[in-house]
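Follow the chain below with an eye to packing, strand pairing and charged pairs.

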Amino acid sequence: MALLICCLTAFAVLVFVEGPKIITKQVTGLTLEQDGLDINASWDEMDCQGYQLIVSHDRVDSEVLETKENHIKIKDVQLETVYDVRIYAILNSGEKSRVTDDKIHTEKLQNKIKMDIGELDGFKGDSFSINARGTGDISFSSEDGNIAEVDADGNVKLLKKGNTSIVVSAEGDKLHQEAEKHVQVTVYPKKLKQVKGLKVENTSSSMAKLSWNPVDFATEYCLMKKIPATGEMELVTTVDGSESSVEISRGTGDYAVMAKAVVGDSTAEGKLSDTARVEGVTEEMTSYSSWKNLRTLNRSNLEKFRAVRGDGNCRVPQSISITKDCYVISYVNSSGTAGKLCSYRKSDGECIDITPCSGMGHANGSTYDPYKDRFYVVKTHKSIRTASCSVYNGTSKESEGTFNLPKVTSGIAYDESNNKYYLSKGNEIYVCDSDFKVEKFIHKRIRYNHAQDIGAYNGIVFVCTWVRGNTSYIDMYRASDGAYLGGYDVSFGEVESCVIDDGYLIILMNNASGDGDCIYKTKERLPIG
């Protein structure tokens, strides 16, 4: 028994004798990426003397690389070959870490095709040339030869409307893959289809939305409005071809839309759509039997567009007119023996023209007719009672003489929505045709016995009244039936005249509580209705 115990003890000693140390460290994060004819190898950095890589393909050792960095470039590799990369870390003890390996399949290089064009847009019969170059021979083909054909030299001819693409191919070689690029081709018809489905939606009391069915190949849409004075259609705005609706200020009138394709210097159009009627804000306005204040206009809802001052001996602004680009003020001297027309640009308020104009009288009222390109300035004011009206060319501002209005008036306005002129004096408003023939009159209320100028918009007459001090009113009357529609009281300054620009009220005021003579503009479109 003692001998058995001694043997077992000796055996236990043999089992627990310490053997060689096993290395457990290993390189991590090995990444292999092809870079042309090279392979970029990188890995996580570790505390060691350096790294050793064994690079092989087809299981044959081809190269042993050493580096102290955690990255290396394996140069001039063979393409379309599977490479095996094994990496060891040379530890500080001089021993090697456990092996880490990864594989990468090298591919042929990308064949880059360079072209001078990426897409072709044109009309039937147009021709183009595609210049392309790359590694290997270049060839051309059309995906739809019925729409566009191409020859071996890249010359393209457009045959009929539609969309296709020209395929540009480059042959491959030992180093490069085959490659191709596509040139998108759109062949536009020489005549577009007519816009259909035009409809109107009143989005607010001052705005309306027109929408329609889209038309193939349209690059833009032209919104047109009928001119009451001539019956012709004039361009209001253009809409991008990707859109099929537009929001506009509610100006009474007949609107139509035309599809258009503009490609380079060439254009194709379709027929005008059927017209759609936009009813102005007058259709929603309620009439009142007594005075009705709709809103007080003050510095919280008015912004000063600019201060205005006359020139020389014509320093008193009396009335304002509106053209496409400018607000035009009539200035006179205190006796009414001299006058000037001064134009202020809408975009920035800059005064761009000052023209001396004799014969204005007091210039208490003025208006501009864009279709006749004329300014009309009335002379009447208090003791100056005359039916004479001065006429000035809208472009040159030169005098074109005078004529007698059918009534002695102190206010005048032209309404583009119905091609009417409105005249005002005392408690009457006269509605006249395009030749100033009186068609009807409106009996207005009298806030004060002194009448200022009037404005016009969408069949509404805007009557300006100053009752002394800092209180003024702008009352509205509907031209079609003479109904009183309420008014705005202005809490500061003397309102001389007003116009409406795209739904915004533009007011000419004298001595507005220390601001001097100024043009004011409502911050929002008129909330009428």
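Leu505 touches Leu297, Ile474, Cys498, Val499, Ile500, Tyr520, Lys521, Thr522 and Leu526, leaving aside residues up to four places away in sequence; contact means heavy atoms within 4.5 Å. The model is a predicted one, in which local features need pLDDT of at least 70 and side-chain atom pairs count only at pLDDT 80 or more, while totals for chains, interfaces and linings use all residues. Residues are numbered from 1 along each chain as its sequence is written, and side-chain values use heavy atoms, without hydrogens and water.

Leu505 also belongs to the largest nonpolar core, which has 24 residues; Phe462, Ile474, Leu505 and Ile507 touch the most other members. A nonpolar core here is a set of buried Ala, Val, Leu, Ile, Met, Phe, Trp, Tyr and Cys residues joined through side-chain atoms within 4.5 Å. Buried means under 20% relative accessible area, exposed over 50%, and partly exposed in between (1.4 Å probe, protein chains only). Among the elements that give two or more residues to this core are strand 40 (460–466), strand 41 (472–478) and strand 44 (504–510). Strands are DSSP runs of E, at least two residues long, numbered from the N terminus. A second, separate core of 23 residues includes Tyr188, Ala218, Ile248 and Ala261.

Tyr188 leads to a sheet as well, since this residue of strand 16 stands opposite Phe123. Strand 16 (residues 179–188) runs parallel to strand 9, and 5 bridges join them; strands pair if DSSP finds at least two bridges between them. The open sheet has 4 strands in the order 9-16-15-12, with mixed pairing. Its edge strands, each paired on one side only, are strand 9 (119–123) and strand 12 (138–142).

Charged pairs come next. The count is 14 salt bridges, each a side-chain nitrogen of Lys or Arg within 4 Å of a carboxyl oxygen of Asp or Glu. One of them joins Asp35 and Lys73, at 3.7 Å from N to O. Asp35 lies in strand 1 (residues 31–35) and Lys73 in strand 5 (residues 71–74), so the pair ties together parts 38 residues apart in sequence. Asp35 is partly exposed, at 40% relative accessible area, and Lys73 is partly exposed at 35%.

Asp502 forms a salt bridge with Arg525, with the closest N and O atoms 2.8 Å apart. Asp502 sits in the loop between strand 43 and strand 44, and Arg525 in the segment after strand 45, 23 residues apart. Arg478 pairs with Asp481 in a salt bridge at 3.1 Å between the closest N and O atoms; Arg478 is buried, at 14% relative accessible area.
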